[in-house]
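Work through the exercises below with the sequence and the model side by side. Try each task before reading its solution.

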Amino acid sequence: MLQKITYLLVFLSIILAVVSCQPHDPFYFSSTQGARVGIGVDWSEFKEDDVSGLSLVIFPSMDTTRSIRHTTNSINHVEMNLPVDEYTILAHNQGVAEFGTIVFSGMNHLSTAKVSPERCSSDWYRPRENEVLVVNPEWLAFDRNVFMVTEEMLDGSYYEPNKKKSSDAFEVASLSPKNVIYTLHVSIGVKGINNFRTGRASISGMADGYFPGIEEYNTQQVTHLMEDWKIDKKYAHPDGMQEGTITSQISCFGLPAEHASDSTDNVLQISLLMVDNQTVVNHTFNVGDKFYKRTADGNSLHIYLDLKLPEQLPDVNPEEGSNGQSGFDAEVDDWGEEEKTEVIM
């Protein structure tokens, strides 16, 4: 008898050890208990990207130590079982693992849920002390709502008008995620634009992410790179001087919360490579007070900077074989000898 009890204890110990070694996500909830609820999601206001996945993060009011996470390819409607409680729900496009330029953190609490741009380094830009360099984020849409799961839903006494007979789920929430990613457009007027070949720039003082639980952008600041510049307009003056505009745009989280619009809050540093593939002209603009929105954009997240170089670009002889063409050349790796021109606007 004692031997049988010993074998039984050993067997139970093995079972317990196996179970305890199984991977467990403390933020995942799945249960056949509770009421069957339905959550609808409308993507009609998110036009920036195609949606192929949906993520829900649900925060129970009576258990603040965890969140309930659910990711699915069913992007318009989700059903699940939830215990009686009051819930706050966040919905966003795609699964967390599908984003390569956005970091999700603090998602176990509504007030700390945060999305941030991925950190990066550069082979040409040297950040100052404590300056954080980030990549430009992908499109991301969020919405939030609050709903209740009641005792009446559990015992069947809850009446829901227009409830479909084919479904036993109670429709508790409807969400309509909207884009939270800004597009920054920069336009710079240039005299002597025929001497311009390509450019690269950095802009500091941009928001380090977004708090979807409280629907606010971060007060912390980061720096983005702007490495794709093109000539947008070009025309010649009667005296032969050529003038035009170079433009670039990036995605970002916009300006930080509590942005004071002081000129030094944001600094745009740009390096312009001339067509001789050697001369580099550097300019620095203080632009914290120069951002604006266009009325035609409505409520879309676009911000603009219209700037002008105060000095004409130096006349140089085009690199042999380039035919004086402007624009980025994949072979332009060494930006040559810099012309020490620093202009602060």
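## Exercise 1: a bridge across the chain

The side chains of E45 and K178 form a salt bridge, with N to O at 3.8 Å. A salt bridge here is a side-chain nitrogen of Lys or Arg within 4 Å of a carboxyl oxygen of Asp or Glu. This is a predicted model: local features need pLDDT of at least 70, side-chain atom pairs count only at pLDDT 80 or more, and totals for chains, interfaces and linings use all residues. Residues are numbered from 1 along each chain as its sequence is written, and side-chain values use heavy atoms, with hydrogens and water left out.

Task: Find where E45 and K178 sit, and state how many residues apart they are.

Solution.
- Step 1. E45 is in the loop between β1 (35-41) and β2 (54-60). Strands are DSSP runs (E, at least two residues), numbered from the N terminus.
- Step 2. K178 is in strand β11 (residues 178-179).
- Step 3. The two are 133 residues apart, so the pair links distant parts of the chain.
- Step 4. Check exposure. E45 is partly exposed, at 43% relative accessible area. K178 is also partly exposed, at 37%. The cut-offs: buried is under 20% relative accessible area, exposed is over 50%, and partly exposed is in between (1.4 Å probe, protein chains only).

## Exercise 2: two more salt bridges

Task: The structure holds 7 salt bridges. Take R119 with D208, then R128 with E131, and classify each residue as buried or partly exposed.

Solution.
- Step 1. The side chains of R119 and D208 meet at 2.7 Å, N to O. R119 lies in the loop between β7 (114-117) and β8 (133-134), and D208 in the loop between β13 (196-207) and β14 (210-211). The pair therefore ties together parts 89 residues apart in sequence.
- Step 2. R119 is partly exposed, at 40%. D208 is buried, at 5%.
- Step 3. In the salt bridge of R128 with E131, the closest N and O atoms are 3.8 Å apart.
- Step 4. R128 is partly exposed, at 48%. E131 is buried, at 15%.

## Exercise 3: reading a sheet

Task: Which strands are the edges of the sheet β4-β1-β10?

Solution.
- Step 1. The 3 strands form an open sheet in that order, with mixed pairing. Two strands pair if DSSP finds at least two bridges between them.
- Step 2. β4 (77-82) and β10 (170-175) are the edge strands; each pairs on one side only.
- Step 3. β1 and β10 pair in the parallel sense over 5 bridges. V41 has L175 in β10 as its bridge partner.

Conventions:
Helices (H or I, at least four residues) and strands (E, at least two) are DSSP runs, numbered from the N terminus.
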